[in-house]
Amino acid sequence: MSATDTVVEGVVLCRVGGDRLAVLPSDVVGVELPDAKCPYAGSLFDGTTPSPADARLLRHELSGLVVDALEVHAEPLSLMRVPPALRWVVGGALMGFVQVGGSLWPVVSLPALSRHLSARSGAVRS
Amino acid sequence: MKGVAALEKKSRWLTGLSTVAVFAGLAIAVVYAVAALSFPPGTRLVFGILVVVISVGFNVAGDALEQRRLKTLRGLGDGTIAPRPQALAEAAREAARSPDVSFGLVLGLVGGGAVLVAVTWPLFCDVPRATVLRVGFIGVAVAPLTAVMANLIAWPRVRVVLRALVEAGLPVDAAYAAVPARFELKPRLVLFAGVATLTPLLLVADMAVTRLSKLAEPGGGGAMWPVLVLGGLVLVMVAACASLVGSVLGAPLAELAKETERLARGEYGQPRLVPGEFETWAAAGGIALLEVELANTTRRVAEATSSIVTSTTDLSSGRSEHLSAAEEQSAALAATTATTEELARSARQIALNAQRVSELARGTLDAARAGKSSADAFTGAMQQVREGNQAIADSVVRLNKRVQQVGRIIEFINGIADKSDLLALNAELEGNKAGEVGRGFSLVAAEMRRLAESVMHSTAEIARLIEEIRDATNAAVMATEAGVKATDAGAALAQRVSEGLARIVEFANLSSDAMQSISLATGQQQAGTDQLVASMADILNSTRAAADASRAMESTHAELLVVTKELDGAVRQEVKP
Amino acid sequence: MTPRVAELHRGHLVFSCGASLYAVPAETAAEVVTLPALTRVPGAPVHLVGVFAHRGEVLPVVDLARLSGRPLDDGFKRAVLVRSTGGAVALTATKVLGVSQLEGQQERLGDSGLQAHLRGPARAPAGEVAVIDTDGFFDFLARGGA
C-alpha cells in the first residue's frame, strides 16, 4: 500500500447489474425505495434499467442514486488512488478504489456524482 | 256281413230244445204219477200247481244260467262284439260245451224240482208219506233220461252254430283248434245205453209193484191206460235218444266220407268244416289239417316247379346272352390287358420319378443341414464380433479418459510455458533496459522465450491432436455403439435364420422320409402292377375257355328246359283244382 | 516534438493488437503481464475497458483496438504496462513479440486521436510498427481520449 493512500471508515458496497460501485456512508442520508426522479447507477455503465424487485435509493439530500443491491462494509479500508487517466471520469466524482473480497470497488462521491448527473441531464435537456 | 247275420239269436236257439227235453221228461213223470199214485182227495190241484210253478221257474233259471255262459256268442249275435277270430273261436268253445252243460243243468233241475215238489206238497195239504217219497223217486228216476235227451238234441244245433261261426269268418283250422277233441264216445254210449235201459226198468218195476199191491186191495186193479201211455212215452224217448246217438255218429262220418272222396279226387284247397263230436270231431280236424298241409305242399311244389321253369327258361335265354357277353368280356379283357400294360409302364415311370424326387429331398436335407451349420457358425462369428466391438468400445472409453488426462497435463504444461514466456519476456525487457550489461541476459531470456514458445507450439499441436483424438474417439465410440447394435441385430437375425433353417431341416427330414416311403410304395406298386398284367393275361385266357364251355352248355340247357316244362305241366294239372 | 531517428536504434517492445503492430520504448515498458479479471469504472469511455490492481496500484487498461476504432471480438490475454511521468497504463496485447531494434522514421502518423500520438513509419523484424509517443499518449488519455 502506497504511503499516499488514505483510509476510509467503511463503505457502502453497491451492485449495479454485473458491475460494482461503492460510496462513503457519510454521503448517504438514507436508504429508500427507488424514486423515478433519481438516476439509476446502471446508466454509468451501459445504461441498463434497474432490477425492480430489490432496487434501493441511496438518498443524498434532494437527489440520490438507484442501485440494484447494497451492503455496508463497516471496517476501515485503504482508498487506492485514481490513475491520472481516470481522474476526469464522472466529473471527477471517482474518489478511488477499495479492495474487498479480492475485488476492486470504485468509490464515488455521492454529492459529486449527483451534481455531475444532474448537470449532465441538464446538458442533455438543454 | 252275411256270416254275422247267421249268428243272430243263435244262443237262444242253441238252448231252445233243452226245454223241449225237460217238458218231455216232465210229461213222463206226471203221467206216471197220475197212473201210479193214489192222490188223497183235494191234493191233485195243489200237486198240479206246484209241478207247473217249480218246473217253469227252474226252466227259466236254467235258461238264464245257460244264456249268461254263452255271452260271446250272444254278443256276436247282437253285434255288440266284433267278429274277430279270437271272439269267434271263444264263441265256438262256448257252443261246443253247451250239450254237456245242458246235461248237467237238466239233471240237476229235474231231480231238484221233483225233490222240491215232494218237500213242499205236504205243506199245503195232507199227503201220505209214502206218496211223497214216490213223487221224489219219480223225479230222480226220470231226470237222467231227460238230461241225456237234452244232451243229445243239443249236438245237431252245436253243429249248426259252428257252421255259422265259420261262415262269419272263423277259419276252419282255427275252429278245429278252438274246440279240443275228446275221445269219450265209448263212455258216452255206455252212459246213454244205461240211462235208456235203467229208467224204463225202474218205472216199470215201480208200476208193477204198485199194481200188484192194488190188486191185493179190495176193489183193486184200476185202469190200464196210464201204463200204456207211460210205456209209449218211454219208448218214444228211448227211440229219440237212439236216433240222436245215431245222428251224432252217422252224420259226421257221412260228411267225412264225402270229404275224403273229394280229397281223393284231388279237389283240395280250402278245408271245409265237418262238425262232429268226440272221435268224429278229432277225425274231421285231422282230415282238415291233412288237406291244409296237402294244399301247402302242392302249392310249394307248384311254385318250385314254376321257378325251375322260369329259371331254366331264363338260363336258356341267359346262356346265349352269356355267350355273347363272354365274347364281349373277352374283347373287353383284351383291351383291359392293354390298358394294364400301359398302367405298368406308367407305374415304372412313376417309380423312377419318385426315386429322383427322393434323391432330391435327400439333397435338400443335406443343403438345409449345411445351411444350418453355416448359420450357427455365422451366429457364433456375430457373437465374437459383438464381443470385439464391446471390447473396442470399452477401450475407446478408456482411451478417452487417458486423452482427457493428457489434455489436462498439456494445459498445465501450457500454463507453465506461458508463465515462462512471460517471465522470459520481462527478463528480456529488463536486460534490454540494463543496456550493454544486460545484453547477455536478454539473449538468454529471448532463448528462453523461444523455448517456451516452442513448448507452447508443441502443446498447442498436442492440444489440437488431442482434440482430433477426442473427435476420433467420440466417433469411434459412436461407431462401436452402432457396431454393437448392428451386431446385436445381426445376431438376432442370424438366430432367426438358424431357427428357420432348423425348421427347414426338420421339414426336409420329414420330406425325405416321406419321399423314401413314396419311392418304396411306388416300387411295390410297380411290382403289383406287373403282377396285375400277368393276372389279366391269365383272366383273358380263362374267359376264352369259359366262353367255349358256355357254348357247350347251351345245348345241355335246351334239353333241361324241355324236361322242366314237362314237369311244370304235370304240377299245374295237380294244382289246378 | 522533433523526430529522432537515432532514438529508434534503442530497444522497443513490439506487440500486436489485432492486425496492427505497436511498439513502445523499452525503458517505458515496465512489464508484460497476464491480464486478470477487470473492474469496470463508472462513466469511463469504451477504450478504458477496466482497471486492475497490480503491485498495490490501480492500473487502467486501454484497448488500442477500440481506440483505433477497430474493436476485436475476442478478449486479451496479455497487457504491456507502460509507465511515464503521467502515470501507468496497461495496453492490451494480442501477442508480445519482444524487444526489437526498429528502423525507419519518427514522423507523426496523424493529426488527431490516437494517430496523433503514433510515430513512424518504422520497421521491426516482424513488420511495420507504429511507435507510441508515450508522454503525448498519456496526455491524450488524461484529457479523456479526445
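How many residues does the contact take from chain B and from chain C? In this predicted model, ten residues come from chain B and eleven residues from chain C. On the side of chain B that touches chain C, helices α10 (279–433) and α11 (439–575) of chain B each supply at least two residues. The most is given by α10(B), with seven residues. Sorted by class, the residues on this side of chain B comprise four nonpolar, three polar and three charged.

Chain C is also in contact with chain A, and here 23 residues are taken from chain A and 20 residues from chain C. Three strands of chain A, namely β2 (19–23), β7 (94–100) and β8 (103–108), each contribute at least two residues to the side that touches chain C. Of the elements on this side, β8(A) gives the most, with four residues. The side of chain A that touches chain C holds 17 nonpolar residues, together with three polar and three charged ones.

Within chain B, helix α5 (residues 85–124) was examined for its length and its bending. This helix has 40 residues, and at 1.5 Å a residue it should therefore span 58 Å. The C-alpha atoms at its ends are 55 Å apart, which agrees with the expected span. A kink of about 40° lies in α5(B) at B:Ser98. The proline B:Pro99 follows shortly after the kink.

Terms used: Residues numbered from 1 in each chain as written. Chains lettered and ligands numbered in written order. Predicted model: local features only at pLDDT ≥ 70, side-chain atom pairs only at ≥ 80, totals over all residues. Expected span 1.5 Å × (residues − 1). Bend = angle between axes of the 7 residues up to and from the residue. Contact = placed C-beta atoms within 7 Å. Nonpolar A, V, L, I, M, F, W, Y, C, P; charged D, E, K, R; others polar.
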